[in-house]
Amino acid sequence: MDSLLMEPKNRSATLEPVSGPAQPSVKHLPAVQHTLHHAISCVGTGLHTGARITLTLQPAPAGHGVVFKRSDLNAALLPARFDYVVDTRLSTVLGDATNPANRIATIEHLMAALNGCGIDNVLVLVDGPEIPVFDGSAADFVFLMDCAGRVAQEAVRHRIDVLRPVRVEQGDAFVELSPAPVQNLHLDLSIDFPAEAIGKQTFSTELTPATFRQDLARNRTFTLRQEIEALHKAGLARGGSLDNAIVVDGSEILNPSGLRCPDEFIRHKVMDAVGDLYLAGAPLRARFTGHRSGHCLNNKVLRALFADPAAWRYVPAHASFSLAAA
C-alpha cells in the first residue's frame, strides 16, 4: 500500500493460522510451477472497513495462476492480472467491470508475498471487500505460506522477459521497465517526501527469496498524520491504527515502537512494487526503475508493456533462472 492517501503530487489484526509444517527458506527455484501443500485460513481486520475478514489460501492446479474470489458473494472469479485492476487510488483493487460489488482491495501485500515466495497457483478466498491488513506489511502472509508449505507441480514455470524499455510518467514521477542486467526482477526506486521523517530515500535490490524475506517483507505501510482526518471523513481507514501503519507527523514517528529500519518507507514502496508487478501473470525478468511511483504508475507500466508485443516475450524459466539462492 502507498501512503494511505497520497499518490505522488496527486492525490488491527489477529492472525489465526491453521497448523502446518514450517518450511525452510527456498534455496533454488526449479523451472516448475509451485502451489501450497495445503489450505490455510486466518482472520484479520480490513484497513478501510474495519470489519473482521476471513482469508483462505487454497492450493490450485498447475496453470491456474493466482485467482481471487469473494466467498461472501455469488460472483465471478477475479484473476490476479493487471487488466483486472479497477482502482489504484489507495491500494491495488481487483474488480469485475460488469459487477461493481465484486471487488477486492489491498491485494498488493499478499501478491508481494506470493511473488517473493515463488507461489504460482493459488485460490484466494476472502469474505469481504478487502484483504486483511495485519501489521501493514507482508510478513504475516509469508508466515501463512510457510505454515501451509510449498509443493512442486509437474508443469513448466514461465517468465516474462522485457525486451526493450517501456516508461510511464505522471508529473515528476515515473516508472520504467527495461531489459534486466540480471536473471531476476531488479528493482531500483526512490522517493521524496516533504515530511522530515521520510525525506529522500533510495533502495535497490534483486528479488530473491532471501532478499524478499530479509529486506522487504517486514516493512509497513505509512501515512501522514494530516491525511488521517480526510480518510475518516471519506469513510476510510476505519481499521487503521498504529498497529498496522506508520504515522508520520513532520519529523516525528508517532508509533511508540518507532521504525523497523531507518529506510522502512522506501523498502515498503519497493515491496508494494513487487506485489503490483506480479499482476503481469508470471515472474518478470526486468529492471524496474522508478521515482515517486505508486500503484497507479505500477499498473500503467504493465499496461504499456503488454500493449507493445515487441517489448516482451513469454518464455520457459530455465533451471538457471530462479529467484536465486537464499
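**Entry 1: Ile131.** I began by looking up what surrounds Ile131, and, leaving aside its neighbours within four places in sequence, I found it in contact with Leu55, Phe68, Ile104, Ala105, Thr106, Ile107, Leu110, Val124, Val126 and Phe141. I note here that the model is predicted.

**Entry 2: the core.** I then turned to the largest nonpolar core, which has 78 residues, and saw that Ile131 is listed with Phe68, Met145 and Phe212 as the members that touch the most other members. Helix α5, which covers residues 264-277, gives the most to this core, with seven residues. I keep in mind that nonpolar side chains tend to be buried together in soluble globular proteins.

**Entry 3: helix α1.** Next I asked how many residues of helix α1 (residues 108-117) are buried. The count is 10 of the 10 residues, so the helix is largely enclosed by the rest of the structure. Among the buried residues of α1 are Leu110, Met111 and Leu114, but also Glu108, His109 and Asn115. Leu110 of this list also appears among the contacts of Ile131. Just after α1 comes Gly118, and its phi is positive, near 70°.

**Entry 4: Asn299.** Last, I looked up Asn299, which is found in helix α6 (residues 295-306), and I asked whether it is buried or exposed. Asn299 has a relative accessible area of 10%, and because buried means under 20%, I record this residue as buried. Leaving aside its neighbours within four places in sequence, Asn299 is in contact with Phe82, Val85 and Thr88. I also noted that Asn299 and Arg81 are 218 residues apart in sequence, while their C-alpha atoms are 9.7 Å apart in space.

Methods: Residues are numbered from 1 along each chain as its sequence is written. This is a predicted model: local features need pLDDT of at least 70, side-chain atom pairs count only at pLDDT 80 or more; totals for chains, interfaces and linings use all residues. Side-chain values use heavy atoms; hydrogens and water are left out. A nonpolar core is a set of buried Ala, Val, Leu, Ile, Met, Phe, Trp, Tyr and Cys residues joined through side-chain atoms within 4.5 Å. Buried means under 20% relative accessible area, exposed over 50%, partly exposed in between (1.4 Å probe, protein chains only). Helices (H or I, at least four residues) and strands (E, at least two) are DSSP runs, numbered from the N terminus. Contact means heavy atoms within 4.5 Å.
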